[in-house]
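Here's a quick walk through this model, meant to be read with the coordinates open. We'll go from the sheet to the helices on it, then to some backbone oddities, the cysteines and the confidence.

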Amino acid sequence: MMKKTTSLLLAILMLFAVFACAKTSEPDAAPTDEPVVEQPTDAPIEPTEAPENPTDAPAPETFLFTDSAGREVELPNTIDRVAVSGPLAQIVLFALCPEKLVGIASKWDKTAEKFLATEYYNLPELGQLYGGKGELNLETLLASEAQVVIDVGEPKDSIKEDLDALSEQTGIPFVHVTATIATMGDAYRKLGELLHMPDEAEALAAYCETVYARTLALAESVEKVDLLYITGDQGLNVIAKDSYHAEVIDLLSNNLAVVESPSSKGSGNEVDMEQILLWNPDVILFAPDSIFETVGGEDTWANVAAIQNGTYYEVPFGPYNWMGFPPSVQRLLGMLWMAKLLYPDAADYDLYAEVAEYFRLFYHCELSEADYEELVANSIGVQAQALAPAA
């Protein structure tokens, strides 16, 4: 019995020894912070195609623009060289993109030299499409390498046919953007779309709409004065009510110049002295280069109420007539001035500050107070105070 027990114990000890040896032959795995890296295999890796990037595609060279006449025009996608169809477009576009202009429709007035940078003042003259002192010079236009010719303002009845014909004749796209004093903001947005300058155009559009809305509210709040706007070196032409040139005049006054066929020309309608006496305005605005300087001493004008009361004024000029002529965006200056002149209590703003802001935005220059005083020398001041009781 003792022998069997001893044999069993020996067998158990041998099994234990074998088990222990097996355990020590397997090394313990040491802990590590190293990331597990999957070892490469010999299997080939299939290449994958990179997703297409739309920004890598070349930009289109042209785009289609629908102008205010409803014409769909193909234009270069990048426009750096712009020509204008006339002085009205010249004034509007000079505010937005002076560095893009390849020329001007008509020479700047001498007064512009002190306000404009030299390179802009000396731009070549291209002539103009409609009316004016010179026809559009197609030879000069072609030499300018203009990428587009822009017409701004009131559309003529033949605008589509005219611009289509010129585009075909020159190979240069012609476009029209309609603009009145009430829609100048939208006109600038349209131009911003055309020239890919939305931010610059919006700044000008917002200014136009702010000045117009404020003037409209003022006009609705006052009793309007009886007024004539007189042009010509004899003082016998008037800007008639309801004409394109009379937009600001009609807005801010009771324009007495009611005629059968209002002229679309800047010279207005010709009348006689008898008619002016019949109208007998309380206020007269004389165009620059008219008879303002001498009218006070002429017997034929002595019985006109505005002359008797001293309530007659010369429209400010520089670089253009502030009341228009051409009837472009500078008529905002005419609004600011005319409202302050006729209704000084209602127009509770600093006229110099307002005019200086306009010059900064639209002529890209700083207007000194001395230059401002020179511009309005015959237009506001002592005489304006004489009008105040009648406002």
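## The sheet and its helices

In this predicted model, three strands make an open sheet in the order β3-β4-β5, and they pair in the parallel sense. The edges belong to β3 (82–84) and β5 (174–178); each of them has a single partner strand, so one side of each goes without a neighbour in the sheet. On average, neighbouring strands here are turned by 30° against each other, ignoring direction.

Zoom in on the pairing of β4 (residues 148–153) with β5: the two run parallel and share 5 bridges. If you want a spot to centre your view, try Val152, which stands opposite Val177 in β5.

Now for what sits on the sheet. Helix α2 (residues 87–96) packs on it and touches β3 and β4, with a direction about 100° from that of β4. Helix α6 (residues 184–195) lies across β3, β4 and β5, and runs at about 155° to β5.

How do the axes of α2 and α6 cross, and at roughly what angle? They come within 11 Å of each other and cross at roughly 65°, and the crossing is right-handed. On the α2 side, the residues involved are Ile91, Val92, Leu93, Ala95 and Leu96; they meet Met184, Tyr188, Leu191, Gly192 and Leu195 in α6.

## Two loop residues by α2

Gly86 belongs to the loop between β3 and α2. Is Gly86 buried or exposed? With a relative accessibility of 9%, Gly86 falls under the 20% limit and therefore counts as buried. Its C-alpha is 8.1 Å from that of Val152, although 66 residues separate the two in sequence. Setting aside neighbours within four places in sequence, Gly86 contacts Ala105 and Gln128.

On the other side of α2 in sequence, Ile104 is found in the loop between α2 and α3 (118–121). Ile104 is buried too, at a relative accessible area of 0%. Ile104 and Gln90 are 14 residues apart along the chain, yet their C-alpha atoms are separated by 6.2 Å. With neighbours within four places left out, what does Ile104 contact? The list is Val84, Gln90, Leu123, Pro124, Glu125, Leu126 and Gly127.

## Backbone oddities

If you plan to look through the torsions, here are some to check. Two cis peptide bonds come up: Gly318 to Pro319, with omega about -15°, and Phe325 to Pro326, with omega about 10°. Pro319 sits in the loop between β11 (312–314) and α12 (331–342), and Pro326 lies in the loop between β11 and α12 as well.

There are also positive phi values in residues other than glycine, at Glu145 and at His364. The table puts them side by side.

| Residue | Phi | Loop | Relative accessibility |
|---|---|---|---|
| Glu145 | near 60° | between α4 (138–143) and β4 | 58%, exposed |
| His364 | near 55° | between α13 (351–362) and α14 (369–375) | 38%, partly exposed |

## Cysteines

How many disulfides does a search of the whole structure find? It turns up 0. As for individual cysteines, Cys97 is buried with a relative accessible area of 0%, and Cys365 counts as buried at 9% relative accessibility.

## How far to trust it

The mean pLDDT of the chain is 86, and 81% of its residues reach 70 or more. Where is confidence lowest and where is it highest? The low end is helix α1 (residues 2–24), with a mean of 42, while strand β8 (residues 254–255) has the high end at 98.

Residues 1–43 stay under 50 in pLDDT, and the model gives this stretch 0 contacts beyond four places in sequence. Residues 382–391 are also below 50, but there the model has 17 contacts beyond near neighbours in sequence. When you go back to the coordinates, keep both stretches in mind: 1–43 with its 0 contacts of that kind, and 382–391 with its 17.

How values were computed:
Residues numbered from 1 in each chain as written. Predicted model: local features only at pLDDT ≥ 70, side-chain atom pairs only at ≥ 80, totals over all residues. Heavy atoms only, no water. Pairing = 2+ DSSP bridges. Helix = DSSP H or I, 4+ residues; strand = E, 2+ residues; numbered from the N terminus. Axes fitted to C-alpha atoms, helices over the stretch in contact; angles between N-to-C directions. Contact = heavy atoms within 4.5 Å. Disulfide = S-S within 2.5 Å. Buried < 20%, exposed > 50% of the residue type's maximum accessible area, 1.4 Å probe, protein only. pLDDT = per-residue confidence, 0-100. Left-handed = near helix turned anticlockwise from the far one by under 90°.
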